[in-house]
Amino acid sequence: MKRIFSLIICIAMLIGLSVNISASHPFTDVKEDTWYSAAVEYCYSKNLVSGTSGTTFSPDMSLTRAMFVVILARAVDNTYLEYTNISFEDVTVGSWYLEAVEWAYQNKITSGTSSTTFSPDKEITREQVCVLFYNYLCSKGIEFDIEEGILDKYTDAGYISKWAIKGVEYAVSNGIISSTSTSKLSISPKMKMTRAQAVQMFMKFNENLPKKYFTISMDDGITQDLRIIDILKKYNVNCCTFMVNTGLYGANWEWVGQILGKPEITHLRFTEEELRSGIYDGFDVQCHTRTHPSLKAYDDNPDMIKEEVQKNADELYDITGIKPVGLAWPGGDNEYTEKTIELVLENTDIRYARGIQNSFNYKLPEYFMTWQPTCSVQDPLLLTYANNFIQADATEDMLFYVWGHGYEFDDRDLYDDFEKLIKMMSEAGDIILVSNTEFYELYKNEIPSWK
Ligand SMILES: [Zn+2]
């Protein structure tokens, strides 16, 4: 139940629903039932805005151009303080906004109000804000959608300055701004912005920026998973999906250690009792078929697909109370065909399935039924991939997907590096940790299961 609740909160936050979280800000003039209180909290908790005093936010005060670029710089670039030149005559030495204005100028986010002025104390207008957001996205090469002709519906679209049309089009298309009137659709392009309106726009803008996701899966449901779970719990992380066979309870695959030339390494599956005792409580548990067969052997036998895949799902549902929708292909990508995929989709609840062809990139899957991970947990470059992911500027949504088996941790002594990985990801700040199924739920309307 807790897991479902946290999933709902996570999804709600991602799609921008307001979630009732008690406010941590100190502002007595921001009441909880106002339309902007969630946005004030959002921007305050991310350290984007401070108050006009220790206890006031002044929601109705208008926002100056300087205030705006400072919030933008803080929101998107933590190196902005390194910009210490002065390119405008009206930006004075020692001013609190100098670096942010210079950052915006150097990065072609603003060209000022003339070739020599920025007009820092002038109140910023709605269309100017749209253009600054738009210019920032263009400067970073970030992809976004624009709905052609979306401004036609607005009664005052003709009053938008020519240089601002693209920016306003972007902002309206992406829900950054909405109508200023309920009786008729109005952009009010020259209207000054209040601080309340500004934090609302920043929240929407930030939520629309490309996201970085991290997920893990571990196959087979074997005893080493306990130590993996201990590491995950130490960092309060539950983004690992465990792929379990329900027809092999307690099976001891001694041949795995023998193939590795290390007979002391075990591949021992949990018993049904162990599974029911709550080993995986708080974690995502999905299918790996009942008995780990080569599924393509059943390409003319839908009953066996049901027996191996749907029965596996039903048995897991009986234990976890959550209906599985995901699978790890047993034996990898040579053990299923396009026909197998079709049969699984026709005969089971499964809507995503992971293979083992490491992509070594951070792209989202093209089809959920042939979802390939970034790399294996035993890849010698695991922490390099992690570091590159943390450093990467996201211009589109990104996913870092690590997969493996518990026995590999014993074989290659991976526990320390795995702990480093989990620590890095959980502390990175801008990385969203999701289980395989949480990721599927977030993207199932955008990424098809199959052709
Ligand atoms: Zn397996």
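These are legends for close-up views of one predicted model.

**View 1. Two domains and the contact between them.**
In this predicted model, the chain splits into domain 1, covering 14–208, and domain 2, covering 212–443. Take the centres over C-alpha atoms and domain 1 sits 41 Å from domain 2. The contact draws on five residues from domain 1 and seven residues from domain 2. Putting the two domains together buries about 460 Å² between them, and carbon and sulfur atoms give 60% of that area.

**View 2. Zooming in on the salt bridge between the domains.**
Between domain 1 and domain 2 the count comes to one salt bridge. On the side of domain 1 that touches domain 2, the residues break down into two nonpolar, one polar and two charged. Polar contacts across this interface come to two residue pairs, both at pLDDT 80 or more. For a salt bridge to look at, try Asp393 and Lys140: their side chains meet with N to O at 3.4 Å.

**View 3. A salt bridge within helix α6.**
Widen the search to the whole structure and 19 salt bridges turn up. One of them pairs the side chains of Glu169 and Lys166, with 3.2 Å from N to O. Why are these two about one helical turn apart? Because both belong to helix α6 (residues 165–173) and lie three residues apart in that helix. Their surroundings are worth a glance too: Glu169 has 9% relative accessibility and so counts as buried, while Lys166 is partly exposed at 41%. As a reminder of the basic chemistry, side chains of opposite charge can pair when their charged atoms come close.

**View 4. Arg354 and Asp219, a pair between two strands.**
Here the closest N and O atoms of the salt bridge between Arg354 and Asp219 are 2.8 Å apart. Arg354 belongs to strand β5 (residues 352–354) and Asp219 to strand β1 (residues 212–219), so this pair ties together parts of the chain that are 135 residues apart in sequence. Are the partners buried or exposed? Arg354 counts as buried at 0% relative accessibility, and Asp219 counts as buried at 2%.

**View 5. A salt-bridge network around helix α11.**
Start with Glu307 and Arg290, whose salt bridge has its closest N and O atoms 3.5 Å apart. Glu307 sits in helix α11 (residues 302–320), whereas Arg290 sits in the loop between β3 (284–287) and α11; the pair is 17 residues apart and links distant parts of the chain. Glu307 is partly exposed, with a relative accessible area of 29%, and Arg290 counts as buried at 16% relative accessibility. Which residues make up the network here? Through salt bridges with shared partners, Arg290, Glu307, Lys311 and Glu315 are joined into one network.

**View 6. Helix α12, its start and its buried residues.**
At the start of α12, a side-chain oxygen of Thr337 comes to within 3.1 Å of the backbone nitrogen of Lys339. Further into the helix, which spans residues 338–347, the buried residues are Thr340, Ile341, Leu343, Val344, Leu345 and Asn347. The cover over these buried residues of α12 includes α11, the helix that also holds Glu307 from the previous view.

**View 7. Thr64, in the loop before helix α3.**
Thr64 is in the loop between α2 (37–45) and α3 (65–76). With 14% relative accessibility, Thr64 counts as buried. Skip the residues up to four places away in sequence, and Thr64 touches Pro120, Asp121, Lys122, Glu123 and Ile124.

**View 8. Arg65 and its contacts.**
Next along is Arg65, found in helix α3. Arg65 counts as buried, at 6% relative accessibility. What does Arg65 contact once its neighbours within four places in sequence are left aside? The list is Thr110, Gly112, Thr113, Phe118, Ser119, Pro120, Lys122, Ile124 and Gln128. For Ser119 there is an atom-level detail to pick out: the side chain of Arg65 reaches the backbone oxygen of Ser119 at 3.5 Å. For a sense of scale, Arg65 and Val325 lie 49 Å apart in space, C-alpha to C-alpha, and 260 residues apart in sequence.

Terms used: Residues are numbered from 1 along each chain as its sequence is written. This is a predicted model: local features need pLDDT of at least 70, side-chain atom pairs count only at pLDDT 80 or more; totals for chains, interfaces and linings use all residues. Side-chain values use heavy atoms; hydrogens and water are left out. Domain bounds come from an automatic or database domain assignment. Contact means heavy atoms within 4.5 Å. Buried area is the accessible area (1.4 Å probe) that two parts lose on being put together, summed over both. A salt bridge is a side-chain nitrogen of Lys or Arg within 4 Å of a carboxyl oxygen of Asp or Glu. A polar contact is a pair of N or O atoms within 3.5 Å; within protein, one must be able to donate a hydrogen and the other to accept it, and residues adjacent in sequence count only if both atoms are side-chain atoms. Ala, Val, Leu, Ile, Met, Phe, Trp, Tyr, Cys and Pro count as nonpolar, Asp, Glu, Lys and Arg as charged, and the others, Gly among them, as polar. Helices (H or I, at least four residues) and strands (E, at least two) are DSSP runs, numbered from the N terminus. Buried means under 20% relative accessible area, exposed over 50%, partly exposed in between (1.4 Å probe, protein chains only).
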